[in-house]
Amino acid sequence: MISARQLRRVLVVTPALAAGCYGFSGGGGLPSHVRTAFVEPVENQTTRFGLSEVLTEQLLEATQSRLGLRLAAEQEADVIVRASIQRYSDDAVSFGAREGVGAEVFTRRVTIGARVEILDLVRREILWESSSVAGVGEYEPNTETEDEGTAVALENLVQKIVDGAQSQW
């Protein structure tokens with residue numbers, strides 16, 4: 001008979017193994033001719049300062065570590081990764097009445113929406129695109145900052161871009 005502790009180990013290890021197997025199959029799921037990438041600097045069409053630099057850095061890192069591609073100059077790359085931040089919001093999602101006047105906010109949600117294209121320069125086609133991929137990060141304003149929510153939203157956005165790119169092959 002399997003103990004509760006052993007069952008927990010299986011439930012924790014199995015998804016990790018499955019994710020590892022998926023990530024290594026076929027070079028991260030990209031077409032076999034795709035080995036190098038150029039990541040364009042991300043455009044920021046919002047008023048939130050600094051998002052484009054952070055997202056560009058995260059896409060550079062994810063292109064190498066999660067998609068398994070080498071970075072190259074634009075004229076030498078097999079693909080171009082192009083992104084534009086279209087939307088940034090920080091909204092209250094959980095709140096309650098406060099004694100007297102007003103409300104107390106318990107949870108806030110940062111949402112970052114982007115348009116993304118991955119262009120195959122060898123075959124001259126769009127490998128993957130989304131006009132509305134979004135990352136979300138929640139934080140508790142009493143103990144955390146908007147920047148922490150923004151960091152989580154950016155991480156989630158990059159993961160969705162990687163997942164979208166890998167899902168096409």
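Val-81 is a good way into this predicted model: with a relative accessibility of 5%, Val-81 counts as buried. The residue is part of strand 4. Setting aside sequence neighbours within four places, Val-81 makes contact with Phe-38, Val-39, Glu-40, Thr-63, Glu-117 and Ile-118. Pro-41 sits 40 residues away along the chain, yet its C-alpha atom and that of Val-81 are separated by 9.1 Å.

**The overall layout**

Stepping back, the chain contains three helices and six strands. Read from the N terminus, the order of elements is α-β-β-α-β-β-β-β-α. The chain has 169 residues, and 38% of them count as buried. How much of the contact map comes from residues 24 or more positions apart? Of the contacts with a separation of 6 or more, such pairs make up 68%.

**The nonpolar core**

The largest nonpolar core gathers 32 residues, and Leu-55, Leu-59 and Ile-112 have the most contacts inside it. Strand 1 (36-39), helix 2, strand 4 (79-97), strand 5, strand 6 and helix 3 each give two or more residues to this core. Helix 3 provides the largest share, with seven residues.

Leu-55 shows what that looks like from one side chain's point of view. Not counting residues up to four places away in sequence, Leu-55 touches Val-42, Ile-85, Leu-154, Leu-157 and Val-158.

**Two cavities**

Now for the empty space. Two cavities of 30 Å³ or more turn up in the model. The largest one has a volume of about 50 Å³, and its lining consists of Leu-59, Ala-62, Thr-63, Leu-67, Val-81, Ile-118, Ile-161 and Val-162. Helix 2 (51-65) and helix 3 (146-167) are the elements that supply two or more residues to that lining. Helix 2 has the largest share, namely three residues. Sorted by class, the lining comes out as seven nonpolar residues, one polar residue and no charged ones.

The second largest cavity has a volume of about 40 Å³. Around it are Leu-30, Val-34, Leu-67, Leu-69, Val-79, Val-81, Ile-118 and Leu-127. What classes of residue make up this second lining? Here the tally is eight nonpolar, no polar and no charged residues.

Our starting residue is back in the picture here: Val-81 is on the lining list of the largest cavity and on that of the second largest cavity. Leu-67 and Ile-118 likewise line the largest cavity and the second largest one. Ile-118 is also among the contacts of Val-81, as is Thr-63, a lining residue of the largest cavity.

**Salt bridges**

Moving on to charged side chains, the model has eight salt bridges. Here are three of them, with the N to O distance for each.

| Pair | N to O distance |
|---|---|
| Arg-109 and Glu-138 | 2.5 Å |
| Arg-115 and Glu-117 | 3.4 Å |
| Arg-115 and Glu-129 | 3.8 Å |

Take the pair of Arg-109 and Glu-138, whose closest N and O atoms are 2.5 Å apart. This bridge links distant parts of the chain, with Arg-109 in strand 5 (residues 103-120) and Glu-138 in strand 6 (residues 125-139), 29 residues apart. Are these two partners buried, exposed or partly exposed? Arg-109 is partly exposed, at a relative accessible area of 31%, and Glu-138 is partly exposed too, at 40%.

Arg-115 appears in two of the tabulated bridges, one with Glu-117 and one with Glu-129. Because Arg-115 lies in strand 5 and Glu-129 in strand 6, their bridge ties together parts that are 14 residues apart in sequence. Arg-115 is partly exposed, with a relative accessible area of 32%, and Glu-129 is partly exposed at 40%. Glu-117, on the other hand, counts as buried because its relative accessible area is 14%, where buried means under 20%.

These bridges belong to a wider set: Glu-40, Arg-82, Arg-115, Glu-117 and Glu-129 are linked in a network of salt bridges. That brings us round to Val-81 again, since two members of this network, Glu-40 and Glu-117, are among the residues Val-81 contacts. So where does the story end up? Back at a buried residue of strand 4, which touches network members and lines the largest cavity.

Key. Residues numbered from 1 in each chain as written. Predicted model: local features only at pLDDT ≥ 70, side-chain atom pairs only at ≥ 80, totals over all residues. Heavy atoms only, no water. Salt bridge = Lys/Arg side-chain N within 4 Å of Asp/Glu carboxyl O. Helix = DSSP H or I, 4+ residues; strand = E, 2+ residues; numbered from the N terminus. Buried < 20%, exposed > 50% of the residue type's maximum accessible area, 1.4 Å probe, protein only. 1 Å grid on protein atoms, 1.4 Å probe; cavity = no way out; pocket = protein on both sides within 12 Å on 5 of 7 lines; lining within 4 Å. Points joined across faces, edges and corners; volume = space filled by probe spheres on them. Nonpolar A, V, L, I, M, F, W, Y, C, P; charged D, E, K, R; others polar. Core = buried A, V, L, I, M, F, W, Y, C linked by side-chain atoms within 4.5 Å. Contact = heavy atoms within 4.5 Å.
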